[in-house]
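Visitor: Hi, I've got a protein structure to look at and don't know where to begin. Can you walk me through it?

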Amino acid sequence: MTETYKLILAGQEADAASGDTFESTDPSTGKPFATVAKAGPEDVQRAAEAARRAFDDGPWPRMKGSERARVLMDVASRIKEQGKELAETEAQDSGGTIRKGRFSDVAMAISTFRVY
C-alpha cells in the first residue's frame with residue numbers, strides 16, 4: 001500500500017492543477033512507496049497568491065515578535081514530535097539513512113524554526 005501526498009495550498013490539501021502525480025520509489029527496494037501530486041507552474045502561482053493573501057490579510061504582520069516566536073517554536077516542537085516518522089520517510093524517499101534523516105535533516109529543520 002502506498003501513501004498519497006497532495007499539495008498544501010492555503011492550508012488545505014489540493015491536487016495539482018493538471019491532476020498529474022508521480023510515484024516516489026524507495027531506492028532500497030525499487031518499489032513505489034508514495035504517489036505525490038506533481039506541482040506545475042499554475043500550482044506555483046496558486047501557492048504564491050495564497051502566501052501573499054496570508055501575509056496581507058492574515059494575522060502574521062500584525063503579531064508581536066513574541067507571538068511570532070511562539071508560533072515558530074510550536075512548529076519546531078511538532079517537527080520534533082514527528083521526527084522519527086519524518087526521518088524514516090526521508091530515508092525511504094532519498095535512499096539516505098534514517099540516522100542522517102533524524103540527526104541532520106530533521107534536526108536542521110527544528111533548528112531553523114527555533115532560530116528564526
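Guide: Sure, and one term comes up right away: a residue is called exposed when its relative accessible area is over 50%, and buried when that is under 20%. Also keep in mind that this is a predicted model.

Visitor: Okay, so which residues of helix 2 are exposed?

Guide: Ser66, Arg70, Arg78 and Glu81 are exposed in helix 2. On the other side of the helix, you'll find Leu72, Ala76 and Ile79, which are buried.

Visitor: Why do the buried ones line one face of the helix?

Guide: Look down the axis of helix 2: its buried residues fall within an arc of 60°, so they line one face.

Visitor: And what do those buried residues pack against?

Guide: They pack against helix 3, residues 83-94, and helix 4, residues 98-115.

Visitor: How many residues does helix 2 have?

Guide: Helix 2 has 17 residues, running from 65 to 81. From its first C-alpha to its last it reaches 24 Å, close to the 24 Å expected at 1.5 Å a residue.

Visitor: Let's switch to the strands. What order do they take in the open sheet?

Guide: The order is 1-5-4, three strands with mixed pairing. Strand 1 and strand 4 stand at the edges with a single partner strand each, so one side of each has no neighbour in the sheet. On average, neighbouring strands here are turned by 30° against each other, ignoring direction.

Visitor: Mixed how? Which pair is parallel and which is antiparallel?

Guide: Strand 1 (residues 3-5) and strand 5 (residues 31-37) run parallel, joined by three bridges. In that pair, Tyr5 stands opposite Val36. Strand 4 (residues 21-26) pairs with strand 5 in the antiparallel sense, over six bridges. There, Thr21 is opposite Ala37.

Visitor: How many residues sit between strand 4 and strand 5?

Guide: Four, and the two strands form a hairpin. In the turn, Gly30 has a positive phi of about 75°.

Visitor: Which residue has a positive phi although it is not a glycine?

Guide: Ala10 does, with a phi of about 55°. You'll find Ala10 in the loop between strand 2 (7-9) and strand 3 (12-14). Ala10 is exposed, at a relative accessible area of 57%.

Visitor: Back to the sheet. Which helix lies across it?

Guide: Helix 3 lies across strand 1, strand 4 and strand 5. Its angle to strand 4 is about 95°.

Visitor: New topic: how many salt bridges are there?

Guide: The count comes to six. In general, side chains of opposite charge can pair when their charged atoms come close. One of the salt bridges joins Arg52 and Asp56, with the closest N and O atoms 3.0 Å apart.

Visitor: Where are those two in the fold, and how far apart along the helix?

Guide: Both belong to helix 1, four residues apart, which means about one helical turn separates them. Arg52 is partly exposed at 48% relative accessibility, and Asp56 is partly exposed too, at 42%.

Visitor: Which residue does Glu88 meet in a salt bridge?

Guide: Lys84, at 3.2 Å from N to O. Those two are four residues apart in helix 3, again about one helical turn. Glu88 is partly exposed at 33%, and Lys84 is partly exposed at 49%.

Visitor: What about Lys100, which partner does it have?

Guide: Lys100 forms a salt bridge with Asp105, where the closest N and O atoms are 3.0 Å apart. Lys100 is partly exposed, with a relative accessible area of 43%, and Asp105 is partly exposed at 29%.

Methods: Residues numbered from 1 in each chain as written. Predicted model: local features only at pLDDT ≥ 70, side-chain atom pairs only at ≥ 80, totals over all residues. Heavy atoms only, no water. Pairing = 2+ DSSP bridges. Expected span 1.5 Å × (residues − 1). Buried < 20%, exposed > 50% of the residue type's maximum accessible area, 1.4 Å probe, protein only. Arc of directions from axis to C-beta. Contact = heavy atoms within 4.5 Å. Axes fitted to C-alpha atoms, helices over the stretch in contact; angles between N-to-C directions. Salt bridge = Lys/Arg side-chain N within 4 Å of Asp/Glu carboxyl O.
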